[in-house]
Amino acid sequence: MTTADGDLPAATQHLTENLARVEALSQRLVAALAQKRAPNPALEAPGQELFLKAGSALMKEWLEHPGKLMETQISYWGQALKHYAEAQAVLAKGKLAVPEDTGPKDRRFSNPLWDTNPYFNFVKQQYLISAKAIEASVAAIEGLEQVDRKRIDYFTRQIIDLMAPTNFLATNPDALERALATEGESLVRGMENLVADIEAHKGDLVITLADRDAFKVGVNIGTAKGGVVYRNHLFELIQFSPSTETVHQTPLVIFPPWINKFYILDLKPENSLIRWIVDQGFTLFVVAWKNPDASYAKIGMDDYVRDGYLTAIREIKAITGEEKLNAVGYCIAGTTLGLTLALMLKRGDKSINAATFFTTLTDFADQGEFTAFLQDDFVDGIEEQVAREGVLASYFMTRTFSYLRANDLIYQPAIRSYMMGEAPPAFDLLFWNGDGTNLPGKMAVEYLRGLCQRDEFAGKGFTVLGEKVKLSGVKVPLCAIACETDHIAPWRASFAGVAQMGAKDKTFILSQSGHIAGIVNPPGKDKYGHFTSPAPFTDADAWRTAAEFHKGSWWPRWAAWLAGRSGKRTAARELGDSAHPVLAPAPGTYVLERPEA
């Protein structure tokens, strides 16, 4: 329909323009997808063996207990048909309404239309009924080994989450409402976001979780004052400027994980663990790891121990003039700190006075939610990938961690960006989450095979620099902090590792929340508390039953523990010394690198 002078109505004109933009974006999308790296099938899905095991177990169950499976199916049919009949009955009365909904709330379905609109309510209810039926059917399969069951449960959940009606435009009321309100503009913006993400990652789809222009490391995040006082091919050693007139005599070094970047401990002044430690009067050093490229293909665990940990310890002793220091290891860096301590014991090296482990696994008997990815089909694929590229690219690491929390880190961000057309939020934590690092090929395989799969550190021993080391060789006084809902380093598995360490002086603190929020939990906000327990290191659940809850952050409790093992107070130290001049201001140069892989 045209106006009297032959022009299209404004709304129609706007829609026509948007359709033209979609056509142009479609061409860009095709060009971007053409750049995608050759896929590695072994890293895209579990191996055929898992499907065969699941199929065989299901067939066996069907033949031996047909009534059991039929009961599950009939129950599903009954629920689906009952809901359909109830919906029809309401409509037959001439009411544009929905049957009573007494099910549990799901934040994916927060739009009121899911509960008031007959169409959306029907779609939601049928999805939830189907999801429960699938879960029940999988749970009913018997004869599977524990690892296979965990993997099948995990991949089943991935399929269920993928098929949620919120993930599709035609069944997402939020996206449809936005599209109508903006005359299709939101869908065009969403496609622009999609194309931009694929172009930025050369054909791979990696959802931008945070506004990358909102933050700059060293400018508005990672701004604690200090300087790089040593650098080699693996790390920069940052010494942070003192904020007190006197400091504890024994210096402290933090080894952060090289799977991520260290500034998670220094996002903002108000939640910076680095600043807080300095304010408590500790001379603090932090290792900032090199973000490796393909030239690091042959760098292994030996290199990280020798050229990373032992070298950092040596240089800190030289700078401070102290014979001993205290050390912190976070996640994989805590695992490697344990290896280093056991090696130092064998060598008679007493340079570490006390150690702290943040969310650290040293016993991998319980692989937690990573069970799905730590079997030979995936690890063989990783080995093949790193043999070809030299590194395990941050893309694969990011994807793996994201799928552990798919609704929060994949589907909801994708809906907001691609369906709703929203710009990524200015969120520092998500910015850090997207600032990934590569892993050297040799190191990645050694870690996955020797530590994760074969559990050698807690078993027959893991070989480091020619020495076989075991958990029992960790004998320095130690404090371990685990997190109650940690999906990366389950707290019970962390407890099991600490229980096997040979130290007589052991403290275990259980923080509320997860892998990041449980650690980056500054005093004052009282958002998360923590637990301590008088129970011995024998059984995790018994320890938890006897535990006492403490309101607020664990930081002050740990600082008191650390202060008791850090000697007398002395005059605050300047950065570096004549042999260790400041090479660059904190946060250094390595943390800014984003090599392609």
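**Exercise 1. Is Ser513 buried or exposed?**

Solution. The model is a predicted one.
- Step 1: locate the residue. Ser513 sits in the loop between strand E13 (506–511) and E14.
- Step 2: read its relative accessible area, which is 14%.
- Step 3: apply the cut-off. Buried means under 20%, so Ser513 is buried at 14%.
- Step 4: check the backbone. Phi of Ser513 is positive, near 80°, and the residue is not a glycine.

**Exercise 2. Find where Asp455 lies, and classify its backbone and its burial.**

Solution.
- Step 1: Asp455 belongs to the loop between helix H16 (441–453) and strand E10 (462–464).
- Step 2: its phi is positive, about 50°, although Asp455 is not a glycine.
- Step 3: the relative accessibility of Asp455 is 15%, so it counts as buried.

**Exercise 3. Describe helix H8: its span, its buried residues and what follows it.**

Solution.
- Step 1: count. H8 covers residues 185–200, which is 16 residues.
- Step 2: compare the span. From first C-alpha to last, H8 reaches 22 Å, close to the 22 Å expected at 1.5 Å a residue.
- Step 3: list the buried positions. They are Glu185, Ser186, Val188, Gly190, Met191, Asn193, Val195, Asp197 and Ile198.
- Step 4: recall the helix geometry. An α-helix has 3.6 residues a turn, so residues three or four places apart point the same way.
- Step 5: look past the end. Lys202 follows H8 and has a positive phi, near 50°.

**Exercise 4. Ile159 is a nonpolar residue by class. Work out its exposure, and how far it lies from Gln88.**

Solution.
- Step 1: place it. Ile159 is part of helix H6 (residues 146–162).
- Step 2: test the exposure. The cut-off for exposed is over 50%. Ile159 has 52% relative accessibility, so it counts as exposed.
- Step 3: take the distances to Gln88. The two residues are 71 apart in sequence, and their C-alpha atoms are 29 Å apart in space.

**Exercise 5. How many disulfides does the structure hold? Explain the case of Cys331.**

Solution.
- Step 1: the count is zero.
- Step 2: take Cys331. Its closest cysteine sulfur is in Cys452, 9.9 Å away, which is too far for a bond.
- Step 3: compare with the limit. A disulfide needs sulfur atoms within 2.5 Å.
- Step 4: turn to Cys452. It is in no disulfide, and its nearest cysteine sulfur is that of Cys331.
- Step 5: check burial. Cys331 counts as buried at 16% relative accessibility. Cys452 is buried too, with a relative accessible area of 4%.

**Exercise 6. How many aromatic pairs does a search of the whole structure find? Classify two of them by ring geometry.**

Solution.
- Step 1: the search gives 35 aromatic pairs.
- Step 2: take Trp114 and Phe120. Their centres are 5.6 Å apart, with 70° between the planes, so the pair is edge-to-face. Both Trp114 and Phe120 are buried.
- Step 3: take Phe495 and Phe537. Their centres are 5.3 Å apart, with 20° between the planes, so the pair is stacked.
- Step 4: place the stacked pair. It links distant parts of the chain, 42 residues apart. Phe495 is in helix H17 (residues 491–500), and Phe537 is in the loop between strand E14 (530–532) and helix H18 (540–545).
- Step 5: check Phe495. It is buried, with a relative accessible area of 2%.
- Step 6: go beyond pairs. Tyr230, Phe235, Phe255, Trp258, Trp289, Tyr304 and Tyr309 form one aromatic cluster.

**Exercise 7. Describe the two largest cavities by volume and lining.**

Solution.
- Step 1: start from the search. Three cavities of 30 Å³ or more are found.
- Step 2: the largest cavity holds about 80 Å³ of space. Its lining has 13 residues, and Asn260, Lys261, Ala288, Trp289 and Thr437 lie nearest the centre.
- Step 3: sort that lining by class. Eight residues are nonpolar, three polar and two charged.
- Step 4: the second largest cavity holds about 50 Å³. Among its lining residues are Lys36, Arg37, Glu44, Asp204 and Tyr395.
- Step 5: sort again. This lining has four nonpolar, two polar and four charged residues.

**Exercise 8. Which peptide bond is cis, with omega near 10°?**

Solution.
- Step 1: the bond runs from Ala586 to Pro587.
- Step 2: Pro587 lies in the segment after strand E17 (584–585).

Methods. Residues numbered from 1 in each chain as written. Predicted model: local features only at pLDDT ≥ 70, side-chain atom pairs only at ≥ 80, totals over all residues. Heavy atoms only, no water. Helix = DSSP H or I, 4+ residues; strand = E, 2+ residues; numbered from the N terminus. Expected span 1.5 Å × (residues − 1). Buried < 20%, exposed > 50% of the residue type's maximum accessible area, 1.4 Å probe, protein only. 1 Å grid on protein atoms, 1.4 Å probe; cavity = no way out; pocket = protein on both sides within 12 Å on 5 of 7 lines; lining within 4 Å. Points joined across faces, edges and corners; volume = space filled by probe spheres on them. Phe/Tyr/Trp six-rings, centres within 6.5 Å; stacked < 30°, edge-to-face > 60°.
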